[in-house]
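Subject: Structure for your review, with notes on charged side chains

Dear colleague,

Please find the structure below, handed over for your further work. My notes on its charged side chains and on two individual residues follow.

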Amino acid sequence: MSTGKVGVSACLDYLSSTNASAMFLSKPEVLQALNIVVGYYPKTSEETIPLGSNKHFNIDPSSVERFDLGAGLEVLGGFFVSVSAATSRFLINCQIKDAACYQEGKLSTVMAAYRREGPPSVYGLEAFLKKLGIRVTHIRRVNSQGQDIPRFKIITGLASPADGKSLAHPPIVSKHGAGPREV
């Protein structure tokens, strides 16, 4: 499905022009098209994960760059790539980027690492986990071809005695941060 055409050569002619009053209104579209071309492989590769529009992080176990920060966190190595216009040419900007992220693995393992090395407060643990996206694995759902349907949830907080107070049969939560056996 074609949505239009962009003239890269016309844009290069504009960038090379000595005419100060020259106008080329399609420059943003040409740069966007070139950014799409440059970012196509990292966005479609199963070995990388895009973060935002131009940042990419390698997740291939044989070549991933990781550094343990402790307390359930690690640094993941990646890169940023974009195209920009310059005098008489296009420039490809490629920079090494690092991102701090949660360690890969079971939530219980990440929580144990945080509790070993982080602040001992249950409120600190709650702040550490808040807005963390996790993959739910305790209930398996499959499609008609028998393939797993991944389910993701966002942690909004830990259990609290105030949870479910508006319900007809609220859960009894003994303390803030209570585990499943304490609810």
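E182 and K175 form a salt bridge, with 3.4 Å between the closest N and O atoms. The model is a predicted one, and the distances reported here are computed from it. Both partners of this pair fall in the intermediate class of accessibility: E182 is partly exposed at a relative accessible area of 35%, and K175 is likewise partly exposed at 44%.

Elsewhere, salt bridges with shared partners connect R66, E74 and E104 in one network. In total, the structure contains 4 salt bridges. As general background, side chains of opposite charge can pair when their charged atoms come close.

Within the network, the side chains of R66 and E74 meet in a salt bridge, at 2.9 Å from N to O. A polar contact of 2.9 Å is also recorded between the side chains of E74 and R66. Is E74 buried or exposed? E74 has a relative accessible area of 9%, and because the limit for the buried class is under 20%, E74 counts as buried. R66, by contrast, has 37% relative accessibility and therefore counts as partly exposed, since that class lies between 20% and 50%.

E74 is located in strand β4, which spans residues 73-86. Which residues does E74 contact, once its neighbours within four places in sequence are left aside? They are R66, F67, D68, L69, A99, A100, C101, Y102, Q103 and E104. Two members of that list, R66 and E104, also belong to the salt-bridge network with E74.

A further salt bridge pairs D148 with R140, the closest N and O atoms lying 2.6 Å apart. Here D148 is partly exposed, with a relative accessible area of 41%. R140 has a relative accessible area of 60% and is classed as exposed, because the exposed class begins over 50%.

The last residue in these notes is S160, which is found in the segment after β7 (151-154). S160 is buried, with 16% relative accessibility. With its neighbours within four places in sequence left aside, S160 is in contact with V173 and H176.

With kind regards

Note on methods. Residues numbered from 1 in each chain as written. Predicted model: local features only at pLDDT ≥ 70, side-chain atom pairs only at ≥ 80, totals over all residues. Heavy atoms only, no water. Buried < 20%, exposed > 50% of the residue type's maximum accessible area, 1.4 Å probe, protein only. Helix = DSSP H or I, 4+ residues; strand = E, 2+ residues; numbered from the N terminus. Polar contact = N/O pair within 3.5 Å; in protein donor to acceptor, adjacent residues only side chain to side chain. Contact = heavy atoms within 4.5 Å.
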